Amino acid sequence: MSTNTFGHMFRVTTFGESHGPALGCVVDGCPPGIPLVEADIQADLDRRRPGQSKFVTQRKEPDRVRILSGVFQDERMKQQVTTGTPIALLIENVDARSKDYSDIRDKFRPGHADYTYWAKYGVRDYKGSGRASARETAARVAAGAVARKVLDALYKTVRVRGALIQMGTQTIERKRWDWDEVAKNPFFCPDARAVGPWTEYLEGVRKRGSSCGAIVEVVAEGIPAGLGAPVYGKLDADLASALMGINAVKGVEIGDGFATAALSGEDNADEMRKGRGGKPKFLSNHAGGILGGISSGQPVVARFAVKPTSSILSPRKTVDIDGNETDVVTKGRHDPCVGIRAVPVGEAMVALVLADHALRHRGQIG
């Protein structure tokens with residue numbers, strides 16, 4: 001399997017499988033002298049960690065991260081910092097139950113990557129789905145935490161936050177958006193009034209042995225104008241690629257996205273007025289903070305749609321590796337809505353793209 005490396009100046013290579021000994025990543029291109037300890041990374045991993053509520057997989061993984069390389073501290077230094085060499089991060093698996101997957105060893109789950117992995121490689125890891133599992137995203141979140149430290153070192157003003165804005169058919173009321181509410185409920189939901197109905201809705205989905213999809217919105221504030229490049233280095237193109245690369249994601253939009261098709265030229269235009277320091281003041285942000293592939297200085301806004309989890313208890317028609325028609329039921333521990341834990345994953349991918357573009361911008365412009 002190739003293409004396990006992401007980024008240009010700030011590069012991340014992930015490794016490991018859902019039911020293997022461990023997952024991890026190697027971060028290459030991180031500048032030296034940036035304070036970094038395991039606690040900086042652990043905070044983000046704890047938000048993604050499974051088993052924290054009845055609405056996510058009950059697999060009990062502590063997801064404790066270890067920094068194996070790329071940092072240094074001695075008695076002359078007040079804190080541990082990056083050295084500019086590759087940063088290796090390791091997260092051990094401690095609660096895999098491979099026997100739960102024995103019934104689907106030779107069957108392809110509809111809507112899952114089982115068949116396509118088999119068609120491409122002639123072999124697949126049916127125990128937890130290998131790298132097709134959402135567990136693979138733990139390494140991305142770890143790398144994203146390092147990217148946040150890079151952004152903080154470069155700009156001091158960047159803040160990347162995400163929220164779940166739709167779960168199945170349930171949506172939020174945007175006028176009630178409250179970032180502080182996101183950390184107070186198990187859904188990363190920014191609308192306090194939506195939590196009750198969402199709880200009832202997902203409880204019904206879970207009891208039916210089914211699953212539902214979701215939409216996640218990620219907002220990056222404090223991004224200066226100028227990140228990205230025209231044509232083949234567009235910031236929005238790289239964001240779309242990064243978010244589309246998350247397991248189970250089937251759609252990405254920047255700013256108003258597909259809704260812009262119904263807008264007029266007048267409505268879609270982000271008008272400008274004179275602002276402070278000679279910089280323009282935008283009156284709206286339909287473009288999601290990116291114009292011509294380059295950041296405008298406004299908040300960068302991206303949304304992505306996550307499909308329903310394919311591993312469900314309801315019988316589905318399928319075929320096996322010999323082409324025989326059969327039914328498949330997936331037992332074990334699975335997220336009824338994998339989009340919930342995709343929120344910190346989406347934040348991580350946005351942070352990775354921004355850190356990469358920040359270093360590329362510095363390398364070209366100075």
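User: Why is there no bond between the sulfur of Cys 212 and its closest cysteine sulfur?

Analyst: The closest cysteine sulfur to that of Cys 212 sits in Cys 337, at 4.0 Å. Since a disulfide is defined as a pair of cysteine sulfur atoms within 2.5 Å, the separation of 4.0 Å is too far for a bond, and the count by this rule comes to zero disulfides. The structure is a predicted model, in which local features need pLDDT of at least 70 and side-chain atom pairs count only at pLDDT 80 or more, while totals for chains, interfaces and linings use all residues. Residues are numbered from 1 along each chain as its sequence is written, and side-chain values use heavy atoms, with hydrogens and water left out.

User: What makes Cys 212 and Cys 337 count as buried?

Analyst: The term buried means under 20% relative accessible area, exposed means over 50%, and partly exposed is the range in between, computed with a 1.4 Å probe and protein chains only. Cys 212 has a relative accessible area of 4% and Cys 337 one of 0%, and therefore Cys 212 is buried and Cys 337 is buried too.

User: Why is the chain called as compact as a globular protein of its length?

Analyst: The chain holds seven helices and 18 strands, where helices (H or I, at least four residues) and strands (E, at least two) are DSSP runs numbered from the N terminus. Its radius of gyration is 21 Å, close to the 21 Å that the globule rule gives for 366 residues, so the chain is as compact as a globular protein of that length. That radius is taken over C-alpha atoms, and the globule rule is 2.2 Å times the number of residues to the power 0.38. Along its principal axes the C-alpha trace spans about 65 × 60 × 40 Å, and buried residues make up 47% of the 366 residues.

User: Why does Pro 35 count as partly exposed?

Analyst: Pro 35 has a relative accessibility of 28%, and it therefore counts as partly exposed. Pro 35 is found in the loop between strand 3 (22-28) and helix 1 (38-48). Leaving aside residues up to four places away in sequence, Pro 35 touches Asp 40, Gln 79, Gln 80, Val 81 and Lys 149, a contact meaning heavy atoms within 4.5 Å. The C-alpha atoms of Pro 35 and Ala 145 are separated by 12 Å, although these residues are 110 apart along the chain.

User: What makes Glu 325 count as exposed or buried?

Analyst: Glu 325 counts as exposed, because its relative accessibility is 77%. Glu 325 is placed in strand 18 (residues 325-328), and beyond residues up to four places away in sequence it touches Thr 318 and Val 319. Its C-alpha atom is separated by 9.5 Å from that of Lys 107, which is 218 residues apart from Glu 325 along the chain.

User: What is notable about phi of Thr 3 and phi of Ala 248?

Analyst: Most residues other than glycine have a negative phi. Phi of Thr 3 is near 55°, a positive value in a residue other than glycine, and phi of Ala 248, near 80°, is likewise positive. Thr 3 lies in the segment before strand 1 (5-6) and counts as exposed at 74% relative accessibility, whereas Ala 248 is in the loop between helix 5 (235-244) and strand 11 (249-254) and counts as partly exposed at 23%.
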